[in-house]
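Colleague: Please give me a close look at one part of this model, a single residue of your choice. I should like to see how that residue is set into its surroundings, with the criteria stated as you go.

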Amino acid sequence: MKRKIKIMVSLLFLFMSYNAGAQQTTMQKLINKTWTLVSNNANECLYKHQYTATQLIESVVCQEKTTSGNADFYLSNQIETTFDYSKVGNVTDGKYIISFVPEMNGHSYFNVDEIIEITDTYFELKSLKSNFVFKFHAQ
């Protein structure tokens with residue numbers, strides 16, 4: 001009887017260890033997907049985010065016209081006040097997305113967004129500038 005319990009505990013431990021090792025990083029959940037903004041208004045534009053390991057590509061489709069832009073980004077577990085290029089592509093987990101566009105129409109853009117929730121198919125993001133919450137579904 002003791003042997004059966006030991007075997008069951010050992011198998012349970014192995015199963016839990018395997019599942020812990022199989023969990024995806026935040027970066028793995030973000031990349032290689034098209035994240036489409038959930039909108040209640042069918043007449044609005046379509047907003048999409050795509051992530052590579054180093055770039056955020058935002059595109060907007062309005063009246064069959066598409067505009068897009070790129071930003072460097074990295075993940076962080078803390079709110080950042082400056083952009084650290086050495087972290088781009090080197091951090092795989094984090095609660096915050098730190099992005100930067102050095103020049104667009106004569107301005108630079110630094111953003112910090114909080115990841116509220118992320119799964120393989122759902123992504124909820126809060127802008128720390130506007131406090132708006134954006135909900136995305138993966139395509």
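Modeller: A residue is called buried under 20% relative accessible area, exposed over 50%, and partly exposed in between (1.4 Å probe, protein chains only). I have chosen Y51, which counts as buried because its relative accessible area is 4%. The model is a predicted one, in which local features need pLDDT of at least 70 and side-chain atom pairs pLDDT 80 or more, while totals for chains, interfaces and linings use all residues. Residues are numbered from 1 along each chain as its sequence is written, and side-chain values use heavy atoms, without hydrogens and water.

The setting comes first. The protein has two helices and eight strands, where helices (H or I, at least four residues) and strands (E, at least two) are DSSP runs numbered from the N terminus. Both helices precede the strands, the order being α-α-β-β-β-β-β-β-β-β. The eight strands make a closed barrel, β1-β2-β3-β4-β5-β6-β7-β8, with antiparallel pairing; a pair of strands requires at least two DSSP bridges. Of the 139 residues, 29% are buried. Y51 lies in strand β2, which covers residues 46-51.

Which residues does Y51 touch, not counting those up to four places away in sequence? With a contact taken as heavy atoms within 4.5 Å, they are L30, I31, N32, K33, W35, L56, F73, I97, F123 and L125. Several of these partners can be placed in the fold. L30 falls within helix α2 (26-30), W35 within β1 (34-37) and F73 within β4 (65-76). I97 belongs to β5, F123 to β7, and L125 also to β7.

The aromatic partner F123 merits a closer view. A pair of aromatic rings is described by the distance of the centres and the angle of the planes. Rings of Phe, Tyr and Trp (its six-membered ring) pair if their centres lie within 6.5 Å, and planes under 30 degrees apart count as stacked, over 60 as edge-to-face and the rest as tilted. Nine aromatic pairs meet this rule. In one of them, Y51 and F123 stand edge-to-face, with 6.1 Å from centre to centre and 75° between the planes. This pair joins distant parts of the chain, since β2 holds Y51, β7 holds F123, and 72 residues separate the two. F123 is buried as well, at 0% relative accessibility. Ring pairs extend further, linking W35, Y51, F73, F123 and F136 into a cluster.

Y51 is also part of the largest nonpolar core; such a core is a set of buried Ala, Val, Leu, Ile, Met, Phe, Trp, Tyr and Cys residues joined through side-chain atoms within 4.5 Å. This core has 14 residues, and those touching the most other members are L30, Y51, F73, I97 and F123. At least two residues each come from α2, β1, β4, β6 and β7. A second core, separate from this one, has seven residues, including F83, V88, I98 and V112.

The strands that carry partners of Y51 are joined by pairing. β4 and β5 run antiparallel over five bridges, and within this pair L75 is bridged to I97, itself one of the residues that Y51 touches. Strand β5 (residues 96-104) continues the sheet to β6 (residues 107-118) through seven antiparallel bridges; I98 is placed opposite V112 there. The two strands form a hairpin with two residues between them, and N105 in that turn has a positive phi of about 55°. β6 then pairs with β7 (residues 122-127), again antiparallel, over five bridges. Three residues separate β6 and β7 in their hairpin. Here I115 stands opposite L125, another of the residues in contact with Y51.

Two residues elsewhere complete the view. T26, in helix α2, is buried, at 11% relative accessible area. Its contacts beyond four places in sequence are L75, T92, D93, G94, I115 and I118. K129, by contrast, is exposed, at 58% relative accessibility. It sits in the loop between β7 and β8 (133-138) and touches F110 and N111, again leaving out residues up to four places away.
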